[in-house]
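Please work through the exercises below with the sequence and the 3D structure at hand. Each exercise sets a task and then solves it step by step.

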Amino acid sequence: MKTVSLTIDGRKIRAPEGENLLWVALDNGVYIPNLCALRDKPEPAASCRLCFVEVAGKKQPVTACTETVEQGMVVNTRGPGALRLARTATELLLSSLPVDCAHCPSHGFCELQKIAAHLGIKLKTKRFRKILRGLPVDYSSPLFIYDPNKCVLCGRCVWVCRERLGIGALGFARRGFERLVTTFGGEPIGESKCRDCADCVIACPTGALVFKDKQESKSL
Ligand code: SF4
Ligand code: SF4
């Protein structure tokens, strides 16, 4: 496969032509915030709106997950326009999440902590009015806990369960602020067609899906 040469944050990088910009950056040690991306997902969801970068020649910041690398491309992941968009999207997400890291099993593994640190924003940001969802936590699986209040609606668990595994125990329901990940008919996960593989737990970037046995940890 033909390789191309591009520049990311002033660093010369070589990558296969047509490769996804988000993965090229991450594979070369350049962090770009992201929540909804999965490597084996053929089409990027581009739903979390966090992976904004600036590309020379483009007027507006673009999402790295929808860009492919080209010869001579010049990318700035720290441009003010890109950072402003990523910060706003993150702070909006945080405005509907109960941020209590000290008591969360995902403390230290949570992608939100990493994103906030990278963007220089506080997890307990007050920029937007806090509106919590107050949803019941599902303890019914023998292996894991699902707390929809900590869900960022990235869709990773839904895609993994439905597309990668062909099971489809999880899906999205409702719209707008009410939107949530749930089972068919809202039944407890332990009574659904879930097969307890826990691949959704591994895929979840937050504390929404966590193992009951804290000995098992996530490795994002
Ligand atoms: S444990 Fe496996 S089968 Fe159950 S919801 Fe998660 S991915 Fe689907
Ligand atoms: S439960 Fe986790 S993986 Fe699933 S949509 Fe919510 S945050 Fe994403």
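**Exercise 1.** Determine whether glycine 81 is buried or exposed, and find which residues glycine 81 touches.

*Solution.* Begin with the accessibility: glycine 81 has a relative accessibility of 15% and therefore counts as buried, where buried means under 20% relative accessible area, exposed over 50%, and partly exposed in between, with a 1.4 Å probe and protein chains only. Next, place glycine 81 in helix H2; helices (H or I, at least four residues) and strands (E, at least two) are DSSP runs numbered from the N terminus. Then look for contacts, meaning heavy atoms within 4.5 Å: not counting residues up to four places away in sequence, glycine 81 touches Glu54 and Pro61. Finally, check the spacing to glutamate 54, which is 27 residues apart from glycine 81 in sequence and 7.6 Å apart in space, C-alpha to C-alpha.

Two notes on the basis of these values belong here. The model is predicted, so that local features need pLDDT of at least 70 and side-chain atom pairs count only at pLDDT 80 or more, while totals for chains, interfaces and linings use all residues. Residues are numbered from 1 along each chain as its sequence is written, chains are lettered from A and ligands numbered from 1 in the order in which they are written, and side-chain values use heavy atoms, with hydrogens and water left out.

**Exercise 2.** Describe threonine 90, which is also a residue of helix H2, by its accessibility and its contacts.

*Solution.* Helix H2 spans residues 80–94, and threonine 90 is found there. The relative accessibility of threonine 90 is 0%, so threonine 90 counts as buried. With neighbours within four places in sequence left aside, its contacts are Leu50, Ile115, Leu119 and Ile121.

**Exercise 3.** Say in which strand arginine 14 lies, and whether arginine 14 is buried or exposed.

*Solution.* Arginine 14 has its place in strand S2, and because its relative accessibility is 58%, arginine 14 counts as exposed. Beyond the neighbours within four places in sequence, arginine 14 is in contact with Thr3, Val4 and Ser5. Of these, threonine 3 lies 11 residues apart from arginine 14 in sequence and 6.4 Å apart in space, C-alpha to C-alpha.

**Exercise 4.** Work out which elements supply the largest nonpolar core.

*Solution.* A nonpolar core is a set of buried Ala, Val, Leu, Ile, Met, Phe, Trp, Tyr and Cys residues joined through side-chain atoms within 4.5 Å. The largest one has 23 residues, and those with the most contacts inside it are Leu6, Ile8, Leu21, Val53, Val69 and Val75. Strand S1 (3–8), strand S2 (11–16), helix H1 (21–27) and strand S3 (52–55) each supply at least two residues of this core, and H1 gives the most, with 5 residues. There is also a second, separate core of 21 residues, which includes Tyr31, Leu83, Ala89 and Leu94.

**Exercise 5.** Find which residues of helix H4 are buried and what covers them.

*Solution.* Helix H4 runs over residues 156–164, and Arg156, Cys157, Val158, Trp159, Val160 and Cys161 are buried in it. The cover over the buried residues of H4 includes strand S7 (170–173), strand S8 (180–183), helix H5 (199–203) and strand S9 (209–211). After H4 comes glycine 166, with a positive phi near 70°.

**Exercise 6.** State how many cavities of 30 Å³ or more the structure holds, and describe the lining of the largest cavity.

*Solution.* On a 1 Å grid over the protein atoms alone, a cavity is a set of points where a 1.4 Å probe fits but cannot get out, and lining residues have an atom within 4 Å of a point. Grid points are joined across faces, edges and corners, and a volume is the space filled by probe spheres set on the points. The structure holds 4 cavities of 30 Å³ or more, and the largest encloses about 110 Å³ of space. Its lining has 14 residues, of which Cys161, Ala169, Cys194, Cys197 and Cys200 lie nearest its centre. By class, 11 of the lining residues are nonpolar, none polar and 3 charged, with Ala, Val, Leu, Ile, Met, Phe, Trp, Tyr, Cys and Pro counted as nonpolar, Asp, Glu, Lys and Arg as charged, and the others, Gly among them, as polar.

How values were computed. 1 Å grid on protein atoms, 1.4 Å probe; cavity = no way out; pocket = protein on both sides within 12 Å on 5 of 7 lines; lining within 4 Å.
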